[in-house]
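Take a look at the model below. We will walk through its elements step by step, starting with an overview.

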Amino acid sequence: MDVMGRRQSIALAIIMAGLVTGCIQNRTKVWPAAEEFGRSFNIRRGELGLPKIEDDWIAHDLDSTGAVWMDGSHRLSRKDAHHFAKEVTIDHGRLIAEEDSYNKFNNDSVSSRLIYLYSFGSKTWDCKLITHYYRAFPPSVSEQLDLAEADSVLNSWGLSRN
């Protein structure tokens, strides 16, 4: 390799190191807000009747607007009823909303997802049951539920919200 080629390689390595460092620094800048409303917020969630972040879950998709918490084993292929994920929405360091999804595989042709959305500003719940029918049209049917109805569905699956 000639001197010019070596200089270009060194320059390219310096540029790449700067880009990687910048990406890492950007990730750490948004982590504190997401961590503040992570597991350490579970005590407050319990007081509010919100589902907690499971002990074995990890945060995915961290950015300045929030995070999605889930465990790798809680994938769509899982057939028992389970708490699938929690999405935390943050705006300028303030907690805006949390969405919890529960999945249940009913049989070879039907599966269900129950979604709880809690808005911290209005202190209101928006609940929805989505039933997916394989090889049917329409493939999914969505039904709005009040909190008591959603809790009843979840209880019939052998689970509870908190």
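The secondary structure of this protein comes to three helices and seven strands. Keep in mind that the model is predicted. Follow the chain from the N terminus and the elements run α-α-β-β-β-β-β-β-β-α.

Now turn to the strands. The seven of them form an open sheet. Their order is S1-S2-S3-S4-S5-S6-S7, and the pairing is antiparallel. Strand S1 (58-63) and strand S7 (140-145) stand at the edges. Each has a single partner strand, so one side of each is left without a neighbour in the sheet. From one strand to the next, the twist averages 15°.

Look next at one pair within the sheet. Strand S3 covers residues 82-91, and strand S4 covers residues 94-107. Nine bridges join S3 and S4 in the antiparallel sense. Here you can find Lys 86 opposite Asp 100 in S4.

Move on to S6 and S7. These strands run antiparallel too, joined by six bridges. Cys 127 stands opposite Leu 145 in S7. S6 and S7 form a hairpin, with six residues between them. In the turn sits Arg 135, which has a positive phi of about 55°.

What lies across S4, S5, S6 and S7? Helix H3 (residues 147-156) does. Helix H3 runs at about 140° to S5.

Finally, step back to the whole protein. Of its 162 residues, 33% count as buried. The accessible surface comes to about 10,000 Å². Carbon and sulfur atoms account for 56% of that surface. Among contacts with a separation of 6 or more, 37% come from residues 24 or more positions apart.

Methods:
Residues numbered from 1 in each chain as written. Predicted model: local features only at pLDDT ≥ 70, side-chain atom pairs only at ≥ 80, totals over all residues. Heavy atoms only, no water. Pairing = 2+ DSSP bridges. Helix = DSSP H or I, 4+ residues; strand = E, 2+ residues; numbered from the N terminus. Axes fitted to C-alpha atoms, helices over the stretch in contact; angles between N-to-C directions. Contact = heavy atoms within 4.5 Å. Buried < 20%, exposed > 50% of the residue type's maximum accessible area, 1.4 Å probe, protein only. Areas by Shrake-Rupley, 256 points an atom, 1.4 Å probe, with all protein chains shown as cover.
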